[in-house]
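I opened this model to look up a few residues and the helices around them. My notes follow in the order I took them.

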Amino acid sequence: GVKFAGSSHSTIYSASKRALEGFAMSLSRQGAAKGILSNVIRVGVTDTRIHRVPGKVMEARKEMIPLKRMASPDEIAGATMFLLGPDAAFITGAIIPVSGGE
């Protein structure tokens, strides 16, 4: 069968991803007193060259995403720009999923 990140077959990947989120949460608490914001963008499968695999593997992967498509790089950039902008000045310790519902 097809195996993807987040499945029981990728425990190391999943554990490292969650560890980075925990690290960012710790940073947000430490940096807050100095006005430093720390957030995480949890990126889903994004339409980049590495994910442009023809055939059944990519189609099966897209079917697992609730929105049934990959994110565009611009969608990831948009979330990043929001967090860098003035409207996010009171956001710290957030994990923002830009993942199509994964």
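I started with lysine 68, which I found in the loop between α2 and α3. The model is a predicted one, so I kept to what was computed from it. I looked at the backbone of lysine 68 and noted a phi near 60°, a positive value in a residue other than glycine. I then asked whether lysine 68 is buried, exposed or partly exposed. Its relative accessibility is 43%, so I put it down as partly exposed, since that class runs between the 20% limit for buried and the 50% limit for exposed.

Next I went to arginine 52, in the loop between β1 and α2, the latter being residues 56–64. Arginine 52 has a relative accessible area of 52% and is exposed; the cut-off for that word is over 50%. I also checked its distance to methionine 70, 18 residues away along the chain, and got 10.0 Å between the C-alpha atoms.

I turned to helix α3, residues 73–84. It has 12 residues and runs 17 Å from its first C-alpha to its last, close to the 16 Å expected at 1.5 Å a residue. Which residues of α3 are buried? I listed Ile76, Ala79 and Leu83. They sit on the same side of α3, because they cover an arc of only 60° around the axis. I reminded myself that an α-helix has 3.6 residues a turn, so residues three or four places apart point the same way. On the other side of α3 I found Asp74, Met81 and Leu84 exposed. I looked for what covers the buried residues of α3, and the cover includes β1 (40–43) and β2 (95–98).

Helix α1 came next, because methionine 25 lies in it, within residues 11–32. The 22 residues of α1 should span 32 Å at 1.5 Å a residue, and its end C-alpha atoms are 32 Å apart, so the two agree. I wrote down Ser14, Glu21, Ala24, Ser28 and Gly31 as the buried residues of α1. Viewed down the axis of α1, these fall within an arc of 125°, so they line one face of the helix. The face turned away from the buried side carries exposed residues, among them Phe23, Arg29 and Gln30. What do the buried residues of α1 pack against? I found β1 and β2 there, and both strands had already come up as part of the cover over α3.

Methionine 25 itself is partly exposed, with a relative accessible area of 23%. Its C-alpha is 8.6 Å from that of isoleucine 95, although the two are 70 residues apart along the chain.

I finished with the chain as a whole. I counted three helices and two strands, in the order α-β-α-α-β along the sequence. The C-alpha trace spans about 50 × 30 × 20 Å along its principal axes. Of the 102 residues, 25% are buried. Among contacts with a separation of 6 or more, 66% join residues 24 or more positions apart. The chain exposes about 7100 Å², with carbon and sulfur atoms supplying 63% of it. I noted 13 positive and 8 negative side chains, and the centres of the two sets lie 8 Å apart.

Conventions:
Residues are numbered from 1 along each chain as its sequence is written. This is a predicted model: local features need pLDDT of at least 70, side-chain atom pairs count only at pLDDT 80 or more; totals for chains, interfaces and linings use all residues. Side-chain values use heavy atoms; hydrogens and water are left out. Helices (H or I, at least four residues) and strands (E, at least two) are DSSP runs, numbered from the N terminus. Buried means under 20% relative accessible area, exposed over 50%, partly exposed in between (1.4 Å probe, protein chains only). Contact means heavy atoms within 4.5 Å. Accessible areas come from the Shrake-Rupley method with a 1.4 Å probe; for residues, only the protein chains shown count as cover. Lys and Arg count as positive and Asp and Glu as negative; His and the chain ends are not counted. The place of a charge is taken as NZ of Lys, CZ of Arg, CG of Asp or CD of Glu. The expected span of a helix is 1.5 Å times one less than its number of residues. The arc is that of the directions from the helix axis to the C-beta atoms.
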